[in-house]
Amino acid sequence: MYNSPVLFDKSVTIVNQFTPRNERRKFVVISDQAGYEKAKSFTSEISGTVPVEYLSINGMQDKEEIKRFILSQKMGTQFYIAAAWNNAVMVFSLGVEAGLSEAEIQTVIIGPKRRYVYCMKCFEVSEVEEKAEIAECDHCRASLEIGPFYSIVREGYIGYPFIPIEKEEEVEVGS
């Protein structure tokens, strides 16, 4: 069974700095207002090497319009996304829906990344701190140990319920 790629906090497509893929025929740089400076500096760095097209997704951009733009690109195009988390996820998802693979996309997240955990008790997804190892489910309030495995199907790290050990008050032994 094939599962489409999903953008998550440790995704292979997320990079700190864009790297030009010189074997590609064309580059497409997509950014929102948060990623404008990063996109602009990368575009000026690669100008003159291969054809580059830029798409700004500021304001009220129609998802269908973005998808049509992605679909209009030829095979062999490398996509670079510089955006805040929500916009990056939206563009990434539209790209995957249009047939792009993870190898064809590089993403720079501007600002905080989001991390999700899938509760194995109530089967719901909750947002958690980026570095958290233990969390509380937002839905059933179960204590969850966040596993190392990300479920593409559930779109979250697997959260294993456990019963927390409460600290007992120290009892002084009488003399």
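## Empty spaces and a surface patch

The largest cavity is lined by Ile30, Ile70, Phe79, Ile81, Val91, Phe92, Gly95, Leu100 and Ile105. Two or more of these lining residues come from β3 and likewise from α3, and α3 gives the most, with three residues. By class, eight residues of this lining are nonpolar and one is polar, while none is charged. The space inside the largest cavity is about 30 Å³, and the count of cavities of 30 Å³ or more comes to one. The model described here is predicted.

Such spaces are found by a simple idea: rolling a probe the size of a water molecule over the atoms shows where empty space is left.

The structure also has pockets. The largest pocket has a volume of about 280 Å³. It is lined by 14 residues, and the closest to its centre are Val6, Leu7, Val89, Ser93 and Glu155. Helix α3, which covers residues 85-97, supplies the largest share of this lining, namely four residues.

The second largest pocket has a volume of about 160 Å³. Its lining includes Ile70, Leu71, Gln73, Lys74, Met75 and Gly76, and also Thr77, Phe79, Ala98, Gly99, Leu100 and Glu104. Both α2 (63-71) and β3 (77-83) supply at least two residues each to the lining of the second largest pocket. Ile70, Phe79 and Leu100 are among the residues that line the second largest pocket, and these three are also among those that line the largest cavity.

The table sets out the lining of each space by residue class.

| Space | Nonpolar | Polar | Charged |
|---|---|---|---|
| Largest pocket | 10 residues | three residues | one residue |
| Second largest pocket | six residues | four residues | two residues |
| Largest cavity | eight residues | one residue | no residues |

A further feature lies on the surface. Which residues form a nonpolar patch there? The patch is made of Met120, Phe149 and Tyr160, which together have about 310 Å² of accessible area. Of these, Met120 can be placed in the chain: the residue lies in the loop between β5 (115-119) and β6 (125-128). Why does Met120 count as partly exposed? The reason is its relative accessibility of 37%, since partly exposed residues fall between the limit of 20% for buried and that of 50% for exposed.

Note on methods. Residues numbered from 1 in each chain as written. Predicted model: local features only at pLDDT ≥ 70, side-chain atom pairs only at ≥ 80, totals over all residues. Heavy atoms only, no water. Patch = residues over 30% accessible without salt bridge, like charges linked within 9 Å, V, L, I, M, F, W, Y side chains within 5 Å. Areas by Shrake-Rupley, 256 points an atom, 1.4 Å probe, with all protein chains shown as cover. Salt bridge = Lys/Arg side-chain N within 4 Å of Asp/Glu carboxyl O. Buried < 20%, exposed > 50% of the residue type's maximum accessible area, 1.4 Å probe, protein only. 1 Å grid on protein atoms, 1.4 Å probe; cavity = no way out; pocket = protein on both sides within 12 Å on 5 of 7 lines; lining within 4 Å. Points joined across faces, edges and corners; volume = space filled by probe spheres on them. Nonpolar A, V, L, I, M, F, W, Y, C, P; charged D, E, K, R; others polar.
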